[in-house]
Amino acid sequence: MWDNKVTELLSIEYPIIQAPMAGGVTTPELVASVSNAGGLGMVGAGYMEPDQLRSQIKAIKKLTDRPFGVNLFIPSNFQISKLDFELAFNSLQPFRDELNIKEEIPVLPDSKEDHVKFPQLLNVIIREKVPVCSFTFGIPSEDDISMLKSEGVILIGTATSVNEAVMNENAGMDIVVGQGSEAGGHRGTFSENGENNLIGTLSLIPQLTERISIPVVAAGGIMNGKGVIASLCLGAKGVQMGTAFLTSKESGAHKVYKEAVIQASDSDTVLTRAFSGKWARGIKNQFIKEIEESQTPIPDYPVQNKLTSQIRKVSASRNESRFMSLWSGQSPGLAKEKTVKELIRDIVSQAEEIKASL
Ligand SMILES: Cc1cc2nc3c(=O)[nH]c(=O)nc-3n(C[C@H](O)[C@H](O)[C@H](O)COP(=O)(O)O)c2cc1C
């Protein structure tokens, strides 16, 4: 039941990928536990510096000798004038006042920084012989793809539409993650506006598998064995699950964040640009409500992300979820605080029971 092209390419037992979750969720313990339980653990390295990534990889290697992967953000170009940057900074002053943050206006972000860091991160992946690398927010250059492939790295792209999946296949990706609009956090949309491109997993996956010949992995709202079997029935060869692993014991998500997800119900998540400037799905809280009500223009990612960073950090340090980004998919009602081993064991046994009963 479990052996297919995805398990073969990734050298894993079950076609279950723990979604990369940048921002401290994917601890070495989480990544290694998923790989040790027969799935594929993934490091969310989107915000990491090369040295941080290197030490994270070394820590994972101490905990597992099984394959795991690293996920990177394709750098974006952005422009903002000094005046708009200052206006955006000032519009967040009420939140700083409420948290008593005395923050100086940060240096205007430089669009080149992420472009300089990207090849350095790739270099770490190659040097450390990480077997799998996935990308979101775009597709790497032809040169980067051929360099990674010549080193034997398995490449996973992200698509939120048929068009993006075809682009990933044409670029030479080995696997595509099809991310439905249920997905938690930022989706990888790169060919159109993330708000206009809301195709649900049930619609997206069979349309992708009709159009491309590389294996498709389903993501968005999948929490248990039922979701896994449904995805396989739609033609996917595997699943990528974020929210389900976010609340696991090994996840690095903040305690109040895990609690908020576990207590949330189906209608509690919204799409917002409030925290980062890029559309993302999370649990609606005071920050999102007040930003929406104020109707102030929000600068694009990564500018808004940088401007809200201190507010999110201080809010977390006070164990208050009011101003934290609480990314979650649309199925938080199924989230449980289990160990990774229990979670994967339960997913596998539920899927096997369903298969037997069909
Ligand atoms: C907290 C959080 C952070 C995420 N960060 C990333 C990321 O860094 N890179 C990425 O490709 N996807 C990221 N995602 C999206 C996941 O890859 C995946 O598509 C999503 O979690 C699937 O939906 P689900 O949460 O309902 O399982 C993130 C998701 C969450 C919940």
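**View 1. Helix α15 and its two faces.** In this predicted model, helix α15 takes in residues 340–357, 18 residues in total. From its first C-alpha to its last the helix reaches 26 Å, close to the 26 Å expected at 1.5 Å a residue. Look for V340, L343, I344, I347, V348 and A351, which are the buried residues here. They sit on the same side of α15, because they cover an arc of only 125° around the axis. As a general point, an α-helix has 3.6 residues a turn, so residues three or four places apart point the same way. Turn to the face away from the buried side and you meet K341, R345, E353, A356 and S357, which are exposed. And what covers the buried residues of α15? Among the elements doing that are β1 (16–18), α2 (28–36), α10 (225–233), β9 (238–241) and α11 (243–246).

**View 2. Helix α7, another helix with a buried face.** Helix α7 spans residues 142–150, and its buried residues are D144, I145 and L148. Seen down the axis, these fall within an arc of 100°, so they line one face of α7. The face turned away from them carries E142, D143 and S150, which are exposed. Covering the buried residues of α7 are elements including α6 (112–127), β4 (132–136), β5 (154–159) and α8 (162–171). After the helix, keep an eye out for G152: its phi is positive, near 80°.

**View 3. L72 and the nonpolar cores.** The largest nonpolar core has 95 residues. Which of them touch the most other members? They are L53, V70, L72, F135, F245 and F287. Zooming in on L72, and not counting residues up to four places away in sequence, you find that L72 touches A45, F118, L121, L122, I125, C133, S134, F135 and T136. There is also a second, separate core of 13 residues, with L10, M42, V132 and V217 among its members. In soluble globular proteins, nonpolar side chains tend to be buried together.

**View 4. Strand β2 beside β3.** Strand β2 covers residues 41–44. G41 and V43 point one way from β2, M42 and G44 point the other way, and all of them are buried. In a regular strand the side chains alternate between the two faces of the sheet. The partner in this view is strand β3 (residues 68–73), which runs parallel to β2 and is joined to it by 4 bridges. To find your bearings between the two, use G44, which stands opposite N71 in β3.

**View 5. A small sheet built from β7, β11 and β10.** Here 3 strands form an open sheet in the order β7-β11-β10, with antiparallel pairing. β7 and β10 (269–272) are at the edges with a single partner strand each, so one side of each has no neighbour in the sheet. Between β7 and strand β11 (residues 280–283) the antiparallel pairing runs over 2 bridges. One residue pair to look for is G185 and its bridge partner R281 in β11.

**View 6. Q179 and its surroundings.** Q179 belongs to strand β6 (residues 175–179). Is this residue buried or exposed? Q179 is buried, because its relative accessible area is 9%, and the cut-off for buried is under 20%. A polar atom of the Q179 side chain lies 2.7 Å from the backbone nitrogen of G188. Leaving aside neighbours within four places in sequence, Q179 is in contact with residues including T158, A159, T160, H186, R187 and G188.

**View 7. Two buried loop residues, A19 and G194.** A19 is in the loop between β1 and α2, and counts as buried at 10% relative accessibility. Residues up to four places away in sequence aside, A19 touches T26, M42, Q240, M241 and G242. G194 is in the loop between β7 (185–186) and α9 (201–211). At 19% relative accessibility, G194 counts as buried too. With residues up to four places away again left out, G194 touches R187, T189 and W279.

**View 8. R96 in helix α5.** This last close-up shows R96, found in helix α5 (residues 93–99). With a relative accessibility of 0%, R96 counts as buried. Neighbours within four places in sequence aside, R96 is in contact with F89, I101, E103, L307 and I311.

Conventions
Residues are numbered from 1 along each chain as its sequence is written. This is a predicted model: local features need pLDDT of at least 70, side-chain atom pairs count only at pLDDT 80 or more; totals for chains, interfaces and linings use all residues. Side-chain values use heavy atoms; hydrogens and water are left out. The expected span of a helix is 1.5 Å times one less than its number of residues. Buried means under 20% relative accessible area, exposed over 50%, partly exposed in between (1.4 Å probe, protein chains only). The arc is that of the directions from the helix axis to the C-beta atoms. Contact means heavy atoms within 4.5 Å. A nonpolar core is a set of buried Ala, Val, Leu, Ile, Met, Phe, Trp, Tyr and Cys residues joined through side-chain atoms within 4.5 Å. A polar contact is a pair of N or O atoms within 3.5 Å; within protein, one must be able to donate a hydrogen and the other to accept it, and residues adjacent in sequence count only if both atoms are side-chain atoms. Two strands pair if DSSP finds at least two bridges between them.
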